[in-house]
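This report looks at one residue and its surroundings, then turns to the ligand site. Have the sequence and the 3D structure open as you read.

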Amino acid sequence: MSNPLVDFASDSLSPVIQDLTALNTLGLASEADAFVTLDAPAQLPALSVLAGQASSLLVLGGGSNLVLPERVPGLVARVAFKGVRLLEARPGAWLVEAAGGESWHGFVSACVAQGWDGLENLALIPGTVGAAPVQNIGAYGVELEERFHSLTAWDVRQARYVEMTAADCRFSYRDSAFKHGEPGRWVIVSVRFLLPRPWRPVLAYPDLQRHARLAAGSPCARDVFDAVCDIRRTKLPDPAVTGNAGSFFKNPIVPAALRDDLAGRFPGLISYAQPDGRYKLAAGWLIDQCGWKGRALGAAAVHDRQALVLVNRGGATAADIMRLARAVQQAVADRYGVRLEPEPVVV
Ligand code: EPU
């Protein structure tokens, strides 16, 4: 790829062979043929040159939403740009910017500490700021798109910066434009968030309503942050201890007729009405009801406190995880006629 920008690059990149086992939260044994760390945006033109010579490019954030094979061919680039800053204190909102390589939870903690409230429901989600828009992360009643302002991405193929609005990102449930189209096309350099003032807590999620810390009334953002951390620590495995990639499946969205039929046949079915008239089903409940919660196939298992999470019991490979995922999908399809779609990116 001919790239005039490279003449101005203040930094070059030398790929190395790299063990990726500690760089993916599922803890799958994996190795990259050619690996670079991006410490500064000045290295991006050099990345475009290298990517042009490689068979493929995998852009790595926190590795928390990935199923990696034992050998990743092509080029792997880990985004490590750092920095958090307040861009504007508007009367009606804070405009805050974070670099793509910042830890998501670290960024949320920093915002709560500064009084830039509004992201606390998204506390403790693993991964980086740059990966957050890719799957439009969401939890406990807040989706990233509701707090998103814009982002700066590097177009690897055209070797240029592009500013993107929410409309450009085409957000939907755990999905965005970045999950479609050409893999390895974009590096998310920085993301801007618009946090409305005055702050209003989002407490409708059943787990939050039940939480003692919030039941007392008039919680501050710190209370919500602490409650979310508490709930997540109870239900979800800590990737530092047990390899996992959060929810392994999306909650399926089905037509109202199918949901009504299922609700008639399976009392207790958990579903949430969507704005378009369809229903989102709780995939964790479906898997649980099929008897898969806590069950293992070799080194891969369904988490015993949240059936939507698959865990690595130690030494699992991508093939082990995918074998378990297929067995779970089959069980749910046989019983409910619903197809579960994996949430992580399977490389
Ligand atoms: N449920 C069961 N058995 C289970 C798991 C869940 O019966 O084993 C039931 C729960 O009792 C509840 C319902 O299913 O009534 C939903 O469960 P939960 O509140 O735990 O949420 P979820 O729909 O399973 C989603 C997100 C999570 C997020 C939580 C909280 C997806 C794919 N997952 O899970 O996000 O933390 O809501 O908002 O949308 C992630 O995406 O990686 C993730 C962890």
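## Arg-295

Leaving out residues up to four places away in sequence, Arg-295 touches Ala-301 and Val-302. The model is predicted. Arg-295 sits in the loop between α8 and β17 (296-297).

Is Arg-295 buried or exposed? Arg-295 is partly exposed, because its relative accessible area of 41% falls between the 20% limit for buried and the 50% limit for exposed. As for distance, Arg-295 and Tyr-161 are separated by 134 residues in sequence and by 46 Å in space, C-alpha to C-alpha.

## The ligand and its shell

The ligand has 24 residues around it. Those that come nearest are Tyr-140, Tyr-173, Tyr-205, Asp-288 and Gln-306. By class, the shell holds 11 nonpolar, six polar and seven charged residues.

Where does the ligand lie relative to domain 2 (84-196) and domain 3 (243-346)? Both domains give residues to the shell, so the ligand lies between them.

## Polar contacts and burial

Oxygen atoms of the ligand meet both side-chain and backbone atoms. Tyr-205 places a polar side-chain atom 2.5 Å from a ligand oxygen. Ser-247 has a polar backbone atom 2.8 Å from an oxygen atom of the ligand. For Ala-307, a backbone N or O atom lies 2.8 Å from a ligand oxygen.

Taken alone, the ligand exposes 810 Å², and the protein buries 83% of that. Two or more shell residues come from each of β8 (138-139), α6 (221-235), β13 (243-247) and α8 (283-289). The largest share, three residues, is from α8.

Terms used:
Residues are numbered from 1 along each chain as its sequence is written. This is a predicted model: local features need pLDDT of at least 70, side-chain atom pairs count only at pLDDT 80 or more; totals for chains, interfaces and linings use all residues. Side-chain values use heavy atoms; hydrogens and water are left out. A residue is near a molecule or strand if one of its heavy atoms lies within 4 Å of it. A polar contact is a pair of N or O atoms within 3.5 Å; within protein, one must be able to donate a hydrogen and the other to accept it, and residues adjacent in sequence count only if both atoms are side-chain atoms. Accessible areas come from the Shrake-Rupley method with a 1.4 Å probe; for residues, only the protein chains shown count as cover. Helices (H or I, at least four residues) and strands (E, at least two) are DSSP runs, numbered from the N terminus. Ala, Val, Leu, Ile, Met, Phe, Trp, Tyr, Cys and Pro count as nonpolar, Asp, Glu, Lys and Arg as charged, and the others, Gly among them, as polar. Domain bounds come from an automatic or database domain assignment. Buried means under 20% relative accessible area, exposed over 50%, partly exposed in between (1.4 Å probe, protein chains only). Contact means heavy atoms within 4.5 Å.
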